[in-house]
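Reader: I am new to this structure and would like to know how its labels are justified. Could you take me through the reasoning behind them?

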Amino acid sequence: GQDPRRGVWEVYLLDPGQKAGMKKLFAVKKKITAVSGDGRETYIATDRMIIRLKDKKAEPFFAHPKKGFQELAFSPSLGLFFATNSIVGFIRGNKQYAFLKSKDTKLRIREGQLYVYLGPSRSVFRIEGTEKFSAFNK
């Protein structure tokens, strides 16, 4: 969320081992639009840029040439999925693979399945076989 006193956006990891119950992972002046990770690897979207945070190092991961990211869903076994204001896709290496056109989309990964919420129709569907996306661009 945003820290209005300092004018920065921050990402925290819930961590019961910390005194406050959480630890700060990342801070940036640009608005953070989406976050996803597994506790070891975290992906943070700021408009058209995705930053990967791993081993306490932040590095640019992917920049979309035209669209801002609104949703991210990451699983180490499946990879990184994203939604913009008009498409849903998968990122592998330095390429994106769009596979669905949709607006107001929410993404979640549960038990190896990608769930996509389509806002306009208020429907949810499950995409099976998403592990095959990781074979792209090898």
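Author: Let us begin with a pair of charged side chains in this predicted model: E71 forms a salt bridge with R108, their closest N and O atoms being 3.1 Å apart.

Reader: What makes the contact of E71 with R108 a salt bridge?

Author: The label asks for a side-chain nitrogen of Lys or Arg within 4 Å of a carboxyl oxygen of Asp or Glu, and the closest N and O atoms of R108 and E71 are 3.1 Å apart, so the pair qualifies. E71 lies in strand β8 and R108 in strand β12, so the pair ties together parts that are 37 residues apart in sequence.

Reader: Why is E71 called buried, and why does R108 count as partly exposed?

Author: Buried means under 20% relative accessible area, and exposed means over 50%. E71 has a relative accessible area of 10%, so the residue is buried, whereas R108, at 43%, falls between the two limits and therefore counts as partly exposed.

Reader: How do you know that E71 and K106 also meet in a salt bridge?

Author: The N to O distance between their side chains is 3.7 Å, and because the limit is 4 Å, this pair is accepted. E71 belongs to strand β8 and K106 to strand β12, 35 residues apart, so this pair links distant parts of the chain. With a relative accessible area of 42%, K106 is partly exposed.

Reader: How many salt bridges does a search of the whole structure find?

Author: Seven are found, and one of them joins the side chains of R52 and E59 at 2.5 Å, N to O. E59 is partly exposed, because its relative accessible area of 35% lies between 20% and 50%.

Reader: What makes H64 buried, and which residues is H64 in contact with?

Author: H64 has 5% relative accessibility, which is under 20%, so the residue counts as buried. H64 sits in the loop between β7 (57-63) and β8 (71-75), and, leaving aside neighbours within four places in sequence, is in contact with R48, F69, I87 and Q96. A polar atom of the H64 side chain also lies 2.9 Å from the backbone nitrogen of K67.

Reader: Which residues touch the most other members of the largest nonpolar core?

Author: Among the 14 residues of that core, they are A73, F81, F90, L107, I109, L114 and V116. The largest share, three residues, comes from β13.

Notes:
Residues are numbered from 1 along each chain as its sequence is written. This is a predicted model: local features need pLDDT of at least 70, side-chain atom pairs count only at pLDDT 80 or more; totals for chains, interfaces and linings use all residues. Side-chain values use heavy atoms; hydrogens and water are left out. Helices (H or I, at least four residues) and strands (E, at least two) are DSSP runs, numbered from the N terminus. Buried means under 20% relative accessible area, exposed over 50%, partly exposed in between (1.4 Å probe, protein chains only). A polar contact is a pair of N or O atoms within 3.5 Å; within protein, one must be able to donate a hydrogen and the other to accept it, and residues adjacent in sequence count only if both atoms are side-chain atoms. Contact means heavy atoms within 4.5 Å. A nonpolar core is a set of buried Ala, Val, Leu, Ile, Met, Phe, Trp, Tyr and Cys residues joined through side-chain atoms within 4.5 Å.
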